Amino acid sequence: MTTESPAPPEVTPPGDMQTAGAAASKSKRKRVPYLLLLPGGLWLIMFYLIPMIQLAGVSLQEGSFEAGYEFTWAWRNYTDAFAAFGGHFVRSILYAGTATLLALLIGYPLAYGIAFRGGRYRNLLLILVLMPFLTPFLLRTLAWKVILADSGWVVGVLQSIGIIAENGRLLATGWAVVAGITYNFLAFMTLPIYVSLEKIDPSLIEAAQDLYSNPRTAFRKVTLPLSRAGIVAGTLLTLIPASGDFVNAQLLGNPRQLMIGNVIDSRFLRIVDYPTAAALSFTLMVAILLIVIPYVRAVGTEDLVA
Amino acid sequence: MAPTRRKGSMDAVAALAARNGMDRREFLKRLGLTGALLTGGPALLAACGVDSASTTTTTAAPAAGSSTTAAAMSTELNIANWPFYIDVLEDGWFDTTSLDDFTAATGITVNYFEEVNDNDEFFGKYQAPLSQGQAIGRDIAVLTDWMAARFIRLGWTEELNYDNIPNAVNLVDALKSPGFDSARKYTLPWQSGLTALGYDPNMTDGELTSINDIFDPKFAGKVTMLTEMRDTMGLVMLGMDIDPATATVEDAKAATDKMQKAVDDGQIRAFTGNEYTSDLASGDAWVSFAWSGDVIQLQIDNPDLKFLVPEEGAMLWSDNMLIPKGAENKHNAEIYMNDVYDPRVAAKIESWVNFICPVNGAQQAMRDLGAEIEDDDLVALADDPLIFPTDADLAKTHIIKDLTEDEETEWNTLFQAVLGA
């Protein structure tokens, strides 16, 4: 959404201004959109494209830090990395997908409630949604360790009603990781949905009711389609960073729940194997694109731009 | 960037601890301490010396970017150290800190950055400028043995001028000649410590004696090990009767196989950095591989917690001061190193830090300081064997071997696979 390209420059309607001056101003007007693109474009080239090319270069190198890396078109880095860590990719996408779904199921009613039932408490409620973000990401995740502790009340209650086994636990399980991701990205889901719901003209819903639709149909035919842009934005904002997340898995999971972000972290920082780390990062990026592009094509981005 | 703390994982842990009302000192240092690398075990007790003759005659380091000549005029000093690794006023015994005293005595302003949360992270952050021969704006960095070794291998350190550090004679014998820097040409220890078992006897239902107790199925899902490869590998090897000082890649493989089985059986709950302290405190972990200074701090809240040096022994490591290549205030850095090797200054730092002090005479100095401020607790602290271990205690410690870059990669790859990455 931040990198959305603007609509193509509008063609100036042909008129009767055929003088030289008008032609000059016409070509100038043609240039203006591109000039407006310049700052953003330069920014993207400097901080996105160049690092990306560098990363691609590193991913095809061979060698070691102390002996020096050499560029050798080492495509093997990709096949080796995928062979070794394919399971981590699958797990990352599974966890991120589950968390995105959960965040949608929690975030949509939340946003709906605030937008339509919030009344004068709307702003207060919005602030409450944002409040946890004043605490650093890491602290929020660590707080979950306290909440989900083996001797904590959450586990105690779940044990006593038989949802988890007598000696069962929540921490160091996949559920804890998914719960952590869901929580940490909930606001990214809630806010775009809120924005799109808040824009809906209530008279449209009234009109639907005037046409004898029951509340459920009105929701399905009016509210839901009109909030689609928010849902698309929210799911992308959650799914993409969640697939690369490594903090939740490190703190709330155990070695069998680590995600691809943990592998990249370990390759880059611990093993100092920059080529494999770069190859994994690239593969992750491609994997996300392969998921996101069909999704966006299917649901459409017009609403996002509008 | 704030002049003191970098926003980083350790700070977050510490801040959380503070919120939970735990003593902030319990979250001492390091997400990632590490096994020591001194040299093969025998050298531990071999007292070679840092005699000034062997170290002072060498000329100043040549390489590009070095600016030792300009240093004489400077009144600044930039130190990068681990969080909670020096005395502060809060919870302290004295009215001034050792850094205050240093500035008062020398006129040198110290910018103290608590930015080393993790050796690997520090390396990742500064490798780009250092490998291009650029200075990193730090005159002293405190790094664990193996990372200090890597810095030396890469030529990223300035040679120490011992003319400026006469107090270095106070370095304890056991640490005078590590394998990675056998004449201490580039490094001086800041603190040492032990890695062994921390446990809660109320949970384990009795005393433990062996490293292998961590593999007892009674404690399934309630044990943690450290993400620091050398600490965890060293202890597991000791439990398998393998000497970490001479271990081969096959030994490393055997150790990681054993750990992998424990992971698959659900025995090991997690591999952690410093977070194991909160796991031990909350009862989520009953038995952990632990660092000595941390457990001393945990005992303030829970006196029952035990730090066990098992029958097989414990791992000994050090964090070392070194001067990164091209440091602008090298001379000041050496004056500071001299200062902290003054036993009274060392005792003052130790009174707050609680790891193993590398300075001879600091134990007596701590007793003297305690007498001066009439505080019996401080006098008693001087007799804590985890801060001032006896030679007999040190004889039970082991040091992991100096790994070459290739070995380091192989061991790390094996170990990271167990960690799940």
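**A buried strand, a helix pair and a chain contact**

In this predicted model, B:V142 sits across from B:M321, a residue of strand β9 of chain B. The partner strand here is β3(B), residues 140-144, and the two strands run antiparallel, held by four bridges.

That pairing is one of several for β9(B). Strand β4 of chain B, spanning residues 187-199, is also antiparallel to β9(B), this time through eight bridges. One position in β9(B) to look at here is B:D319, which has B:Q191 opposite. Then there is β10(B), a strand made of residues 397-398, which pairs with β9(B) in the parallel sense over two bridges. In that case B:M315 has B:H398 as its bridge partner.

How much of β9(B) is buried? Nine of the nine residues in this strand, which covers 314-322, come out as buried. In a regular strand, side chains point alternately to one face of the sheet and the other. For β9(B), neither face is left uncovered. On one side lie B:A314, B:L316, B:S318, B:N320 and B:L322, and on the other B:M315, B:W317, B:D319 and B:M321, every one of them buried. So B:D319, the residue facing B:Q191, and B:M321, the residue facing B:V142, both belong to the same covered side, given that the two faces of a regular strand alternate.

Chain A is built from 13 helices and two strands. Of its 306 residues, 32% are buried. Taking contacts in chain A between residues at least 6 apart in sequence, 69% link residues at least 24 apart.

One helix pair in chain A can be followed in detail. Helix α6(A), residues 174-198, packs against helix α9(A), residues 228-244, with the axes 7 Å apart and an angle of about 160 degrees between them. An angle over 145 degrees counts as roughly antiparallel, so α6(A) and α9(A) fall in that class. Their crossing is right-handed. From α6(A), the residues that meet α9(A) include A:I181, A:F185, A:F188, A:M189 and A:L197. Across from them, α9(A) brings in A:A229, A:G230, A:I231 and A:L237, among others. Sorted by class, the residues of this contact are 14 nonpolar and four polar, with no charged ones.

A:L197, a residue of α6(A), is worth a closer look. Is A:L197 buried or exposed? With 20 other C-beta atoms within 10 Å, A:L197 is buried, because 20 or more is what that label takes. Setting aside neighbours within four places in sequence, A:L197 touches A:A111, A:Y112, A:A115, A:S227 and A:G230. A:G230 also appears on the α9(A) side of the helix contact. Back along the chain, A:W175 is 22 residues from A:L197, and their C-alpha atoms are 30 Å apart.

Finally, the two chains meet: 23 residues of chain A contact 27 residues of chain B. On the chain A side, the elements supplying two or more residues are α4(A), residues 137-147, and α11(A), residues 260-270. The biggest share comes from α11(A), with six residues. In terms of class, this side of chain A holds 13 nonpolar residues, along with five polar and five charged ones.

Note on methods:
Residues are numbered from 1 along each chain as its sequence is written. Chains are lettered from A and ligands numbered from 1 in the order in which they are written. This is a predicted model: local features need pLDDT of at least 70, side-chain atom pairs count only at pLDDT 80 or more; totals for chains, interfaces and linings use all residues. Two residues are in contact if their C-beta atoms, placed from the backbone, lie within 7 Å. Ala, Val, Leu, Ile, Met, Phe, Trp, Tyr, Cys and Pro count as nonpolar, Asp, Glu, Lys and Arg as charged, and the others, Gly among them, as polar. A residue is buried if 20 or more other C-beta atoms lie within 10 Å of its own, exposed if 12 or fewer, and partly exposed in between; C-beta atoms are placed from the backbone. Two strands pair if DSSP finds at least two bridges between them. Axes are lines fitted to C-alpha atoms, for helices over the stretch in contact, and angles run from 0 to 180 degrees between N-to-C directions. Angles under 35 degrees count as roughly parallel, over 145 as roughly antiparallel, 65 to 115 as roughly perpendicular and the rest as oblique. A crossing is left-handed if the near helix is turned anticlockwise from the far one by less than a right angle, and right-handed if clockwise.
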